[in-house]
Amino acid sequence: MDKEERIIAFPFKGIDVSRGIFDQREGTSPFAVNVRGYGPDGRLRGGTRPGLTPLFGAGSTEQVEGFHLIQSLSVIVTASQGATFSSNFITVNLDIHYSETDHPPARDSPITSNHIAWYENTKPTRRFTTEPVVGVPDGGGTGRGTASWKFSTDGTNVTLVSTFESAGFPGPYAHSDAGPIQTQMKLNTLFFNPVTSGLSGSWTVISGSFIGNLFWNFYYPGP
Amino acid sequence: MQLSESGRVVTAVATSQGVVKFQDAGDKVWTTATNNSSTTPPLDVDNLNFGAASNGKVWFVDGLNYRYFDPTDGSINDWVASAGDLPIDSDSRGARGIEAWRGRIVVFGVLGLPYDWFMAEIGDPTNFDYSPDDPPGPAPTDAVSSQTGPQGQVGDVMTAFVPFDDDTAFMGCSHTLYLLKGDPQDNGQITLITDTIGMAFGRAWCKSPDGTVYFFSNRCGLYSLVPGSQPQRISQSIEQLVQDVNTGLNRVTMMWDDRFQGVNVWITPIQGAAPTTHLFFEQRTGAWWQEEYDNDLHNPLCACQFDGNNPEDRVVLIGSFDGVVRYLDPNAATDDGRTIFSTVAFAPILSPGLDDMILDEWQAVLGEDSGDVTWNILLGTTAEQALNSSVEETGIWTAGRNATAPVGRRSHAIIPQFKAEGQWRMEECRAVVRTGGLKAARAKE
């Protein structure tokens with residue numbers, strides 16, 4: 001007889017022991033334990049059931065009253081005052097431009113984001129991405145660019161620094177995200193008085209080339 | 001206190017050895033409630049108990065004692081009637097069942113008053129005065145019971161009270177089911193839904209967000225129920241798996257699982273930790289699944305929905321024999337460190353002409369995050385024999401797309417089977433088969 005290819009589908013319709021096994025209803029299983037159709041990721045594809053974890057976290061052996069069975073479980077919901085906002089945040093209007101100068105055509109990549117909430121000691125607070133920036137494709141040479149930025153806020157004096165650090169380049173840096181880090185660009189630490197509004201700086205290329213997007217991560221250490 | 005953006009604090013309350021303990025979300029320990037009650041411990045040690053939350057407190061019954069937990073000061077206290085009397089029978093035994101419904105606390109299941117139900121005043125769980133003196137008579141919010149209201153007793157042993165919505169509740173009894181429509185103190189009526197189906201005792205029921213009640217019947221069937229219709233049996237495909245459950249020796253607990261959109265049906269022997277098989281009903285597919293815990297101490301005796309503010313806090317909690325509260329964790333690959341042994345048998349590969357089948361090869365694609373799966377090929381001269389046979393061919397599938405596995409086995413019935421000791425995910429599977437020809441079909445094996 002000719003060979004026939006059959007799809008062996010997971011029995012998504014579950015266990016069915018209501019018929020003879022020879023007449024097993026399509027999509028059902030004559031026997032299954034600890035499996036389900038929908039997995040923990042919400043996909044219908046078949047697999048094991050989810051497991052159990054102690055309420056207080058994996059490995060916890062915290063018992064209600066020693067090694068005695070639990071007689072009941074209940075939940076009570078009461079009102080709370082609700083979350084309060086941190087006092088250590090400001091809103092910043094941020095305007096970044098990146099210009100590539102060494103590899104024509106030179107272009108200007110504006111990255112603008114307004115009214116950003118900066119929370120103290122939360123990092124990275126924001127991640128900004130340029131349009132794809134093409135450096136030297138063969139990995140040789142040196143990419144070079146300049147960037148400028150402006151901040152304004154109605155808060156008190158703050159310090160904004162970039163925080164991306166990597167081996168060999170401790171300190172604040174921006175970097176290329178195309179595979180292995182191909183370039184490291186030092187970003188100046190910024191001090192500004194938001195009351196006066198408007199500040200710009202520049203960075204310089206250290207070495208290497210880059211292909212891909214540039215990312216900057218900023219961190220607001222608080223007033 | 002927990003601060004929450006939604007302006008609420010969710011507190012879990014557990015009882016064990018008659019002691020009441022609580023845990024605010026985020027805490028890593030149980031805190032013993034200050035016992036202001038008249039007994040030590042505050043609740044009966046020998047019985048399971050039930051609690052219901054209302055008016056900012058959890059109200060407990062255990063068949064002997066009436067207590068309430070006050071989360072404002074973390075105390076457990078005597079539940080004393082401010083008016084009227086809490087129901088007790090001639091032997092001073094109290095209610096065993098409790099629920100909250102339309103602002104009332106409802107208690108039932110007093111051993112000496114098995115047909116009666118009692119509802120406290122709306123908004124005051126301590127007021128059980130069914131006949132207040134204030135003219136012109138009881139107000140619609142006053143306490144009411146089967147002994148004082150015009151509805152009277154239900155005529156059958158009450159085993160469950162299922163709040164459905166503000167206007168509707170179901171009364172589950174030993175072998176009957178009633179619909180309570182409207183408040184009994186405000187011309188509400190109790191009507192019989194069926195006198196052939198009852199409910200197992202306790203909380204052998206749950207409700208899904210779409211308004212369907214699921215329950216385990218007195219005769220060990222599983223049903224869905226919505227107001228205005230008869231219960232619909234949904235366990236036809238697994239009747240043999242539940243029909244022998246002894247509802248007197250097992251605690252049946254049901255709980256809706258919103259994450260997996262299904263119903264957990266836990267059937268746990270209450271006289272000691274012992275092997276048992278639980279069920280899960282997957283609402284989206286209508287599928288029934290069997291579930292077992294490798295550690296008998298993990299079998300659930302009670303459960304509740306913990307609806308915290310953090311995503312990891314929106315889970316189903318279960319209480320078991322070893323005193324540890326656990327939750328159904330979608331990301332857990334084990335049962336608190338114990339292996340999850342899983343098995344699934346696929347539908348048999350047969351020929352319509354009763355011929356032999358030959359499985360030449362097969363191939364599987366598992367999820368990229370899947371663990372290993374042992375595949376087995378079961379053979380038999382009948383499908384039933386194949387299912388019960390020993391493994392004829394075996395191999396291992398690993399994560400991703402596997403190479404085709406040659407099998408080359410022949411039999412009338414061929415059943416592929418997966419077995420695993422850990423998490424796995426299936427994507428797809430294919431097999432190359434052919435029939436053995438008509439001559440083989442006539443052969444006697």
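Chain B splits into two domains in the domain assignment, with domain 1 covering 11-341 and domain 2 covering 343-442. The C-alpha centres of domain 1 of chain B and domain 2 of chain B sit 44 Å apart. Keep in mind that this is a predicted model.

**The two chains at a glance**

Here are some like-for-like values for the pair.

| Quantity | Chain A | Chain B |
|---|---|---|
| Helices and strands | 0 helices, 19 strands | 3 helices, 37 strands |
| Buried share | 35% of 223 residues | 50% of 445 residues |
| Share of contacts (separation of 6 or more) made by residues 24 or more positions apart | 61% | 53% |

As for overall dimensions, the C-alpha trace of chain B spans about 90 × 50 × 40 Å along its principal axes.

**Where the chains meet**

The contact between the chains draws 107 residues from chain B and 68 residues from chain A. Sorting the chain B side of that contact by residue type gives 56 nonpolar, 30 polar and 21 charged residues.

There is strand pairing across the two chains as well. Strand E5 of chain A (residues 51-54) pairs with strand E29 of chain B (residues 325-329), running antiparallel over 4 bridges. If you want a spot to zoom in on, take A:Thr53, whose bridge partner in E29(B) is B:Tyr327.

**What sits inside chain B**

On to the core. As a rule of thumb, nonpolar side chains in soluble globular proteins tend to be buried together. The largest nonpolar core here has 143 residues, and the members touching the most other members are B:Met171, B:Ala204, B:Trp205, B:Met254, B:Leu317 and B:Leu359. Strand E31 of chain B (residues 357-366) supplies the largest share of this core, namely 6 residues.

B:Trp205 is a handy one to click on. Once you ignore neighbours within four places in sequence, B:Trp205 is in contact with B:Ala160, B:Val162, B:Gly172, B:Met199, B:Val213, B:Tyr214, B:Phe215 and B:Met254. One of those partners, B:Met254, also appears among the core residues that touch the most other members.

**A four-stranded sheet**

Chain B also contains an open sheet of 4 strands, ordered E19-E20-E21-E22 and paired in antiparallel fashion. Strands E19 (205-207) and E22 (232-233) of chain B are at the edges with a single partner strand each, so one side of each has no neighbour in the sheet. The run of E19 in chain B begins at 205, the position of B:Trp205 from the core.

On the E22 side, the partner is strand E21 of chain B (residues 222-225), and the two pair antiparallel over 2 bridges. Within that pairing, B:Tyr223 stands opposite B:Arg233 in E22(B).

**A loop residue: B:Arg338**

Let's finish with a residue outside the strands. B:Arg338 belongs to the loop between E29 and strand E30 (341-345) of chain B. E29 of chain B is also the strand that pairs with E5 of chain A.

How does B:Arg338 rate on exposure? B:Arg338 counts as partly exposed because 14 other C-beta atoms lie within 10 Å, whereas a buried residue would need 20 or more and an exposed one 12 or fewer. Leaving out residues up to four places away in sequence, B:Arg338 touches B:Asp294 and B:Asn295. For a sense of distance, B:Arg338 and B:Cys173 are 165 residues apart along the chain, and their C-alpha atoms are separated by 38 Å.

Definitions and conventions: Residues are numbered from 1 along each chain as its sequence is written. Chains are lettered from A and ligands numbered from 1 in the order in which they are written. This is a predicted model: local features need pLDDT of at least 70, side-chain atom pairs count only at pLDDT 80 or more; totals for chains, interfaces and linings use all residues. Domain bounds come from an automatic or database domain assignment. Two strands pair if DSSP finds at least two bridges between them. Two residues are in contact if their C-beta atoms, placed from the backbone, lie within 7 Å. Ala, Val, Leu, Ile, Met, Phe, Trp, Tyr, Cys and Pro count as nonpolar, Asp, Glu, Lys and Arg as charged, and the others, Gly among them, as polar. A nonpolar core is a set of buried Ala, Val, Leu, Ile, Met, Phe, Trp, Tyr and Cys residues joined through C-beta atoms within 7 Å.
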